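This report describes a protein model from its overall make-up down to selected residues. The sequence and structure are shown first.

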Amino acid sequence: MFTEVRVDVSRRDLRTAPGSEVLRCFPVTALSSAGVTVAMRTVCVKEPGLEAAICCHHRTRPASTGACTPPTTQDPTSTCPAVWGAGVGARMEGPQSPSERPGGGSGDIVTETRLVGSWPRASPVPLACRPPLCAFPARGPGLCVWSSTDPAGQLLVLRGHRDPVTAVAFGNAGSPPLVCSASPDCVVTWRLDECREQALRGVGPRGAVLGTLLGKVPCVRFRPDDRAAAVCAGNQVLLLDVEARSVLAQLQGHQGPVTAAEFCPWQPHVLVSVAEDRCFKVWDSRMGSLLHSSPVLTAAPLLSLCMDEQSQQLVAGCAEGQLCVCSLVESHRYRCVTRVDLRKQVESFRARMAGPRPCGWPEDSELPSADAPGRGDAVDATLPALGLARCDLARLRGPDRGLSLPAASTGGLWVGSSTGSFLLNLANFELEAVLLYEDFRHLSIQVAGSCAVTSGDEKAFCLLASMFGGEVALLEVDLAALVRSQQRPLPGTPLSVLPSSCVSPTSPLRFGVAAERWARPGGHKRAAARGAVRDQPLVFHSSIRSSGYAAAPHAATFSRKTAVKGGQDRSSGRRNVHQREEYPSEKSVPTTLRRQLAVPQGPAAVCCVQFSGDGRRLACGLANHVLLVFGADLTGAPAVFSGHDGAVSTLDWSHDGRWLLSASQDGTLRLWSARSREAVLCLGKAVLAQPVRAAQFYYLDAFLLLSAGPELLLLKYHVDTRKDEMNRYKQRSGCSPVFRLPMAGAAEITCLSAVNEFYSHLVLAAGRNRAVEVFDLNAGRSAAVVAGAHTRPVHQICQNKGSPFATQQPQAYNLFATAAVGDGVRLWDLRTLRCERRFEGHPSRCYPCGLAFSPCGRLLASGAEDRHAYVYEMGSSTFSHRLSGHTDTVTTVAFSPSVPQEKRREREWAASRPCRW
């Protein structure tokens with residue numbers, strides 16, 4: 001039964017349904033948080049089995065003026081009466097206004113559109129929310145259903161149980177709407193359109209009983225087609241036919257009471273259940289068989305469950321605030337991708353927000369502490385995951401937050417907990433927004449004992465039941481406003497690896513533009529004489545080709561500089577077998593081992609590998625102080641480069657392929673001639689005060705970029721390969737320091753990365769302080785610092801540098817990946833300076849494992865400690881392929897820049913300890 005109440009503002013009269021009793025009616029005037037005076041009349045109406053108070057807004061008046069403005073019909077909070085209380089002990093303390101961000105604002109972030117005082121009962125309270133419908137228990141063995149689209153805001157009370165309702169769920173189809181309620185005595189399904197018609201005729205609504213005497217039922221869920229329902233009863237899950245009212249399957253196997261169950265959205269016959277035994281099970285509902293049983297995931301019982309269709313991942317939440325993300329892809333064998341601790345994520349989020357204040361937050365308000373989920377240091381409580389719902393982050397971010405990632409990276413998870421709700425990014429597993437109930441002073445519920453969450457396009461709905469009182473509240477959250485109010489501001493000048501300005505006159509890079517890149521060796525004198533410019537007419541041919549200035553500009557994507565100067569033997573008659581064809585971006589990943597080669601210098605570990613720019617040679621640095629250069633087909637004897645007194649830790653080819661740079665653990669840096677296999681330049685302790693940790697060519701081979709201690713060094717070098725028999729041991733090549741920059745906090749630099757394939761002003765460096773710093777060498781200063789990039793120091797930075805054989809979108813070159821021992825791989829965007837995706841699944845707990853981008857920018861490869869190489873796609877956090885064949889830890893990987901994976905499937909090589917090719 002429900003009560004029909006109408007209030008005429010002008011006549012101030014009250015009309016109720018027959019059989020109802022008007023208890024009292026009195027005017028109320030309140031001042032909302034937005035500074036608006038609201039005049040209301042509170043009417044208490046009583047009918048058999050239901051007591052409710054309806055607050056009807058008469059008119060609104062701004063606090064600063066005396067003019068009265070009637071409420072518009074488009075505002076549901078002012079035209080639709082808000083229902084207060086259902087049952088004994090309903091609080092009648094006066095009206096509540098919609099809650100706004102502390103301090104007010106132009107638009108509400110959180111609006112309390114519904115509040116019902118229920119009878120005192122222990123948590124959890126069964127709740128269900130599917131806009132525009134909400135369901136919650138009524139007094140006694142009843143169920144209340146409320147619709148936000150009903151202009152009268154009336155309750156529909158469903159009575160058919162003898163015991164209190166313990167579980168409720170809405171159907172998936174929009175029409176006709178279904179709701180299923182369960183109690184220890186029976187499970188009933190209700191067709192809401194028929195129930196409402198019956199209530200209007202004065203007949204009690206009736207439902208269809210699916211099962212009886214099942215015991216305590218904590219959860220019920222409809223199948224996507226609404227033809228079957230899963231009922232969690234004790235240690236088993238019953239699959240009931242809604243139309244035939246029969247038992248389809250009885251799924252047994254849990255060792256504890258089942259707490260939640262969900263049907264797979266993309267495989268409706270697959271059912272996943274979680275229980276207090278702290279594991280999840282995957283069932284085939286058609287066959288009634290068990291497909292998979294997971295190990296114990298957490299220390300606390302699992303309470304909630306959600307599945308993401310885009311990434312095909314399962315998220316299970318436990319009572320201690322941990323979220324376990326598992327992959328449901330068949331080839332992944334339901335492995336656990338990562339674990340998220342809500343309390344730690346809230347602390348990390350507050351640490352990120354501690355600098356600039358969020359937009360819209362008042363200046364006089366206190367920012368929450370980073371030491372606890374609540375304010376101050378006195379609260380240290382867990383955040384149980386009471387409810388989970390998926391949402392789309394693509395519509396929530398601002399227009400300037402567009403990324404170079406596929407659409408699958410925009411998935412989010414709306415998590416409801418006891419003291420707040422949180423928006424989790426399923427790409428990087430970090431919080432996008434935090435909504436604490438105590439931060440909104442006008443919310444009636446500050447601590448929730450039960451929570452049901454759901455989300456729409458830009459709205460999220462939280463149906464809360466108080467832990468200590470007998471209240472139920474519905475919160476409508478504007479997710480877009482919430483996310484944008486808590487976003488960190490973008491850098492003033494957007495960072496990009498593609499230079500947006502010319503080299504300034506005071507820039508250190510000016511030396512590389514004005515001077516020669518290297519001194520020509522004596523062997524090239526004749527070639528230089530033949531290539532000298534002679535006096536001849538300006539026009540060489542009879543026909544003159546147009547310059548094309550008058551033609552329309554040619555629109556093309558960003559194309560890399562592929563011309564190689566002076567590094568090729570033009571007099572050779574050999575035909576170049578490596579055709580410069582476009583590197584395809586939609587080819588399959590190599591999965592078959594084509595060749596395996598042992599290191600000929602003995603069982604030595606391979607520390608680093610790198611292909612030359614043309615893809616014709618592969619350099620390998622070994623732990624036995626030797627450097628080897630193989631052909632791309634790994635046939636024939638390798639070229640041996642010896643001279644280091646320690647393991648070769650870093651390799652880098654020059655852009656033209658003539659030189660090879662190596663750094664060793666002996667602290668020295670050597671520049672080798674790829675043709676003569678001799679060291680033409682050696683830098684040691686006499687030149688460098690501290691050992692070299694990382695080194696590479698920079699600015700199209702104009703400089704040497706290296707790190708020594710906490711400093712980043714830029715060296716100008718010249719090479720002289722002329723031989724003097726009298727001074728054959730004297731080094732004729734040399735270098736001079738151009739510029740040096742210290743890292744923030746004087747932390748030792750562990751790795752660096754810069755683009756050498758085209759002109760770029762930015763250099764990335766990581767330090768022992770777990771920070772990643774971006775240096776702008778055109779300006780000669782630090783451009784940005786990302787503090788706490790990983791939980792441990794970063795051991796490698798890998799940029800998406802592409803290849804001369806591939807063309808990518810300009811924004812794709814701003815992506816870079818970082819890796820740390822025990823903290824997986826993170827993908828970053830230079831424009832936003834934030835982690836956009838995390839790649840987890842490859843074990844790397846003790847040894848640093850290397851990274852490599854594919855030339856097409858679509859794949860990322862990583863080594864692992866389980867003797868496999870893992871290949872990830874940019875649109876997914878789980879690996880797509882797992883390559884086997886090694887006998888020890890895979891420490892480094894490399895893609896061939898010239899040959900597509902489909903034509904030469906084994907073009908991705910990995911080195912292990914020891915190496916087995």
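## Overall architecture

The protein contains 6 helices and 60 strands. The model is a predicted one. Of its 917 residues, 53% are buried. Among the contacts with a separation of 6 or more, 53% are made by residues 24 or more positions apart. The accessible surface of the protein amounts to about 40,600 Å², and carbon and sulfur atoms contribute 50% of that area.

## The hairpin of strands 16 and 17

Strand 16, which covers residues 219-222, pairs with strand 17, which covers residues 228-233. The pairing is antiparallel and comprises 4 bridges. Within this arrangement, valine 220 has valine 231 of strand 17 as its bridge partner. The hairpin has 5 residues between the two strands, and aspartate 226 adopts a positive phi near 60 degrees there.

## Aspartate 341

Aspartate 341 belongs to strand 27, which spans residues 336-341. Which side chain of opposite charge is nearest to aspartate 341? It is lysine 344, at 4.7 Å. A salt bridge requires a side-chain nitrogen of Lys or Arg within 4 Å of a carboxyl oxygen of Asp or Glu. Aspartate 341 has no salt bridge, although the residue is buried. A polar atom of the aspartate 341 side chain does lie 3.1 Å from the backbone nitrogen of arginine 343. Apart from residues up to four places away in sequence, aspartate 341 touches Gly321 and Gln322.

## Asparagine 814

Asparagine 814 is located in the loop that runs between strand 51 (794-799) and strand 52 (815-820). Is asparagine 814 buried or exposed? Asparagine 814 counts as buried because its relative accessibility is 3%, and the cut-off for a buried residue is under 20%.

The side chain of asparagine 814 forms a polar contact with the side chain of serine 496 at 3.2 Å. A polar atom of the same asparagine 814 side chain lies 3.1 Å from the backbone nitrogen of valine 497. Both serine 496 and valine 497 appear among the residues that asparagine 814 touches, as does Leu495. Also touched are Trp828, Asp829, Leu830 and Arg831; residues up to four places away in sequence are not counted here.

## Side-chain distances

The table collects the distances given above for the side chains of aspartate 341 and asparagine 814.

| Side chain | Partner | Distance |
|---|---|---|
| Aspartate 341 | Backbone nitrogen of arginine 343 | 3.1 Å |
| Asparagine 814 | Side chain of serine 496 | 3.2 Å |
| Asparagine 814 | Backbone nitrogen of valine 497 | 3.1 Å |

Key: Residues numbered from 1 in each chain as written. Predicted model: local features only at pLDDT ≥ 70, side-chain atom pairs only at ≥ 80, totals over all residues. Heavy atoms only, no water. Buried < 20%, exposed > 50% of the residue type's maximum accessible area, 1.4 Å probe, protein only. Contact = heavy atoms within 4.5 Å. Areas by Shrake-Rupley, 256 points an atom, 1.4 Å probe, with all protein chains shown as cover. Pairing = 2+ DSSP bridges. Lys, Arg positive; Asp, Glu negative; His and termini not counted. Polar contact = N/O pair within 3.5 Å; in protein donor to acceptor, adjacent residues only side chain to side chain.
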